[in-house]
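Biologist: I would like to learn how to read a fold, feature by feature. Can we start from the whole and work inwards?

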Amino acid sequence: SVVENLVEVVQLKMVARECGVTTLKISGFSPMIEFSDQAPINIDKLLAMARKNPNVRMTPDHKLHLGFESDLDPILETKKILADLRLHGTT
């Protein structure tokens, strides 16, 4: 529903803010996330994710490009990835 989708978007924005995301664009099934230089995320985990998964690509200008299959919800999947990368008070 429209309300559920709005709630998902708000939750994604909250997680993105906590992860130091400066730009988040979702076009179809291909989100693009730009992090600040001081983003509190696990860089090692991010780089490992990009090495293992051909649908995850990190560019030198701190932009993370994701590609999802059409049967996945890009908002929900992006939120999961950001939550997984977020540092929980430890390094």
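Modeller: The turns below go from the overall fold to the strands, and then to two residues. Keep in mind that this is a predicted model.

Biologist: How many helices and strands are there, and in what order do they run?

Modeller: Begin with the count, then the order. The protein has 3 helices and 4 strands. Read from the N terminus, the pattern is α-β-β-α-β-β-α.

Biologist: What does the radius of gyration say about the overall shape?

Modeller: Set the value against the rule for a compact globule. For 91 residues the rule gives a radius near 12 Å; the protein has 13 Å, so the two agree. The C-alpha atoms fill a box of roughly 35 × 30 × 20 Å along the principal axes.

Biologist: Which numbers describe the inside and the surface?

Modeller: Take burial, contacts and area in turn. Buried residues are 33% of the 91. Of the contacts with a separation of 6 or more, 56% join residues 24 or more positions apart. The exposed area is about 5,900 Å², and carbon and sulfur atoms supply 55% of it.

Biologist: And the charges: how far apart are the mean positions of the positive and negative ones?

Modeller: The protein carries 11 positive and 12 negative charges, and their mean positions are 3 Å apart.

Biologist: Now the strands. Which ones pair, and in what sense?

Modeller: Go pair by pair, and look for the bridges. E1 (residues 21-27) and E2 (residues 30-35) are antiparallel, with 6 bridges. E2 also pairs with E4 (residues 63-66), antiparallel over 3 bridges. E3 (residues 56-58) pairs with E4 in the antiparallel sense, again over 3 bridges.

Biologist: Which residues face each other across these pairs?

Modeller: Follow the bridge partners. Isoleucine 26 partners proline 31 in E2. Isoleucine 33 stands opposite leucine 64 in E4. Methionine 58 also stands opposite leucine 64. Glutamate 34 has lysine 63 of E4 as its bridge partner.

Biologist: What should I check in the hairpin turns?

Modeller: Check the loop length and the sign of phi. E1 and E2 form a hairpin with 2 residues between them, and glycine 28 in that turn has a positive phi of about 65°. The E3 and E4 hairpin has 4 residues between its strands; there, histidine 62 has a positive phi of about 70°.

Biologist: Which side chains of E4 point to the buried face?

Modeller: Look for alternation along the strand. Leu64 and Leu66 point to one face and are buried. Lys63 and His65 point to the other face and are not buried.

Biologist: Is leucine 66 buried or exposed?

Modeller: Compare its accessibility with the cut-off. Leucine 66 has 4% relative accessibility, and buried means under 20%, so leucine 66 counts as buried. Beyond its sequence neighbours up to four places away, leucine 66 touches Phe29, Ser30, Pro31, Ile33, Asn55, Val56, Thr78 and Ile81. Valine 56 is 10 residues from leucine 66 in sequence, yet the C-alpha atoms are 4.8 Å apart.

Biologist: Thr78 is in that list. Where is threonine 78 found?

Modeller: Place the residue in its element, then read its burial and contacts. Threonine 78 is in helix H3 (residues 74-85). Its relative accessible area is 0%, so threonine 78 is buried. Leaving out neighbours within four places in sequence, threonine 78 contacts Leu12, Leu24, Ile26, Pro31, Ile33, Leu66 and Phe68.

Notes: Residues numbered from 1 in each chain as written. Predicted model: local features only at pLDDT ≥ 70, side-chain atom pairs only at ≥ 80, totals over all residues. Heavy atoms only, no water. Buried < 20%, exposed > 50% of the residue type's maximum accessible area, 1.4 Å probe, protein only. Contact = heavy atoms within 4.5 Å. Rg over C-alpha atoms; globule rule 2.2 N^0.38 Å. Areas by Shrake-Rupley, 256 points an atom, 1.4 Å probe, with all protein chains shown as cover. Lys, Arg positive; Asp, Glu negative; His and termini not counted. Charge placed at Lys NZ, Arg CZ, Asp CG, Glu CD. Pairing = 2+ DSSP bridges.
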